[in-house]
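New to this one? Here is a quick briefing to keep beside the sequence and the 3D view. Take a look first, then read on.

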Amino acid sequence: MTTPGLDDVRQGPAVAERRLHPVTPFRRAWAPVAVIAGWAVHDPNQAQEQLTRLTTTMLLAGLAALVPVAALYGFLSWWFTHFSVTDRELRIRTGLLFRRTAHIRLERIQAVDVTQPLLARVAGVAKLRIDVVGADKKDELAFLGEGEARALRAELLARAAGFAPETAREVGEAPARELMRLPARELAISLVLTGATWGSLVAALVVPPVLWLATHSVVTVLATGLPLLGAAGASSVGRFVAEYDWTVGESPDGLRIDHGLLDRTHETVPPGRVQTVRIVEPLLWRRRGWVRVELDVAGSSNSVLVPVAPRAVAESVVARVLPGVTVPPLRSLARPPRRAGRCVPLWWRGYGIAVTDTVFAARQGLLRRRLSLVPHAKVQSVRLTQGPWERLWRLADVHVDTGADKTVTARLRDAQQAAALLQSQAERSRTGRRDARPDRWMT
């Protein structure tokens, strides 16, 4: 008779383990090929010498041996990968030679994203990426059937919300109400009107002629010009492909973001985990009244909420991320005193702050305006700094630190006002944390 171990007793009865989709071995079979390719890139001279020594027969024989080895590795790695959902956690067991078991506590799950690369969409499978509080790297299950991935995502979110195991599967995926959808034409125009796109293009057109006049070397011009042209195209085309058909929907488990032309991604903005919201307004977008909304989410890589939208639409979405928060109008922001121009000439006009009952708001930038909103409940610490030149002109900076290891700064404030702001903001933070709603799913 086998005596159950301590882990088995603590976790309760055994649960059925599941495997990934049968198409997964084809994805993992590339690992031996990647090892050989990495060796060739690491030492290209030796790799070239070895290739020159091989005959056609030897190459074919090596290929014939590599294919079954890669296929066997893909099959075995898939065979030894299991996952299961218990009453308390999601377990993922992987490893062919060295075993690894990940125990993900359900109450620590803050986001579950479904991503589908192009080939995965063709095969009808999806990758599940799990965002856990305090983890630097997302755990993932790749690949699952598309329907199974969505059902597992719904089950995990229901379990994380506190539903009983027997009812979590019955809850299903919560319905979503569409808040906004980004038209492709609007996205394309916004990328054309982005300064980074024009900067990369100008560099690609100006630098090669200058190098030609200086060196008269075609190799140097091509080696410099082609990467610059590629960077100019990637900065615009890459963003268009990634942000195509950007859709934001609201559901009980948070805001859902769907986007992507080739690789389709379904992300979730965790409720209560947003630390900072930034409303970005590039110079060339102002005539059209467009803005971009970015996020700082604790423990998550999700950083964009709205790529481009009219200000009214963007602010309505921000209101769903930060319930009860109203974005302060630009005219209500308090600028630094005029003597701040002695510290930062001209650009001091781009700074401003506003403190409401719900948020600490700080703006910076003249050409590219950024308004950062920090809910009082998310403030971890408040600091006041004052350099020697600022002390001379009786100025100081107030820094607000958030739980996402980010800082929002109110720059060049009057020294007495900064000291008062430091004390009042510390009190607002304590009150905000005391009255904040719990970070729970589906509440």
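Before we start, a word on pairing: two strands count as paired if DSSP finds at least two bridges between them. With that in hand, note that Val274 stands opposite Val297 in strand 12. Keep in mind that this is a predicted model. The protein has 443 residues, and 40% of them count as buried. Its elements come to 14 helices and 19 strands.

**Overall wiring**

- Take the contacts between residues at least 6 apart in sequence: 54% of them join residues at least 24 apart.

**Strand 12 and its neighbours**

- Strand 12 is mostly covered, with eight of its eight residues buried.
- In a regular strand, side chains alternate between the two faces of the sheet.
- You can follow two sets of side chains on strand 12: Trp290, Arg292, Glu294 and Asp296 point one way, while Val291, Val293, Leu295 and Val297 point the other way.
- Both of those sets are buried, charged names such as Arg292 and Glu294 included.
- One partner of strand 12 is strand 11, and the two pair in the antiparallel sense over six bridges.
- Strand 12 also pairs with strand 13, again antiparallel, over four bridges.
- For a spot to look at there, try Val293, whose bridge partner in strand 13 is Val306.

**The nonpolar cores**

- The largest nonpolar core has 37 residues.
- Which residues have the most contacts inside this core? They are Val274, Val277, Leu295, Leu305, Val321 and Leu373.
- Several elements supply at least two residues each to this core, among them helix 9 (184-192), strand 11 (274-281), strand 12 (290-297), helix 12 (311-321) and strand 16 (369-375).
- There is also a second, separate core of 22 residues, including Trp78, Phe83, Leu90 and Ala102.
- Back to Leu373: leaving aside residues up to four places away in sequence, Leu373 touches Gln275, Thr276, Val277, Ile279, Val318, Val327, Pro328, Phe360 and Ala361.
- In helix 12, the buried residues are Ala314, Val317, Val318 and Val321.
- Seen down the axis of helix 12, these buried residues fall within an arc of 105°, so they line one face of the helix.
- The general rule is that an α-helix has 3.6 residues a turn, so residues three or four places apart point the same way.

**A three-stranded sheet**

- Three strands make an open sheet in the order 1-2-3, with antiparallel pairing.
- Strand 1 (82-85) and strand 3 (100-105) are the edge strands, each pairing on one side only.
- Neighbouring strands in this sheet are turned by 10° against each other on average, direction ignored.
- Strand 2 (residues 89-94) pairs with strand 3 in the antiparallel sense over six bridges.
- Within strand 3, Arg100 is the bridge partner of Thr94.

**Helix 7, lying across the sheet**

- Helix 7 (residues 146-160) lies across strand 1 and strand 2, and runs at about 40° to strand 1.
- Its 15 residues reach 21 Å from first C-alpha to last, close to the 21 Å expected at 1.5 Å a residue.
- Buried residues of helix 7 include Ala149, Leu152, Glu155, Leu156 and Arg159.
- Arg153 is found in helix 7 too.
- Is Arg153 buried or exposed? With a relative accessible area of 4%, Arg153 falls under the 20% cut-off and is therefore buried.
- Arg153 and Asp113 are 40 residues apart in sequence, and their C-alpha atoms are 7.8 Å apart in space.

**Unusual backbone spots**

- As background, most residues other than glycine have a negative phi, and most peptide bonds are trans.
- The peptide bond from Ala142 to Phe143 is cis, with omega near 5°.
- Phe143 is found in strand 6 (residues 139-145).
- Arg394 has a positive phi of about 55° although it is not a glycine.
- You'll find Arg394 in the loop between helix 13 (388-392) and strand 18 (395-402).
- Arg394 counts as partly exposed because its relative accessibility is 48%, and partly exposed runs between 20% and 50%.
- Leu412 also has a positive phi, near 55°, and Leu412 is found in strand 19 (residues 407-414).
- Leu412 counts as buried, at 0% relative accessibility.

Notes
Residues are numbered from 1 along each chain as its sequence is written. This is a predicted model: local features need pLDDT of at least 70, side-chain atom pairs count only at pLDDT 80 or more; totals for chains, interfaces and linings use all residues. Side-chain values use heavy atoms; hydrogens and water are left out. Axes are lines fitted to C-alpha atoms, for helices over the stretch in contact, and angles run from 0 to 180 degrees between N-to-C directions. Contact means heavy atoms within 4.5 Å. The expected span of a helix is 1.5 Å times one less than its number of residues. Buried means under 20% relative accessible area, exposed over 50%, partly exposed in between (1.4 Å probe, protein chains only). A nonpolar core is a set of buried Ala, Val, Leu, Ile, Met, Phe, Trp, Tyr and Cys residues joined through side-chain atoms within 4.5 Å. The arc is that of the directions from the helix axis to the C-beta atoms.
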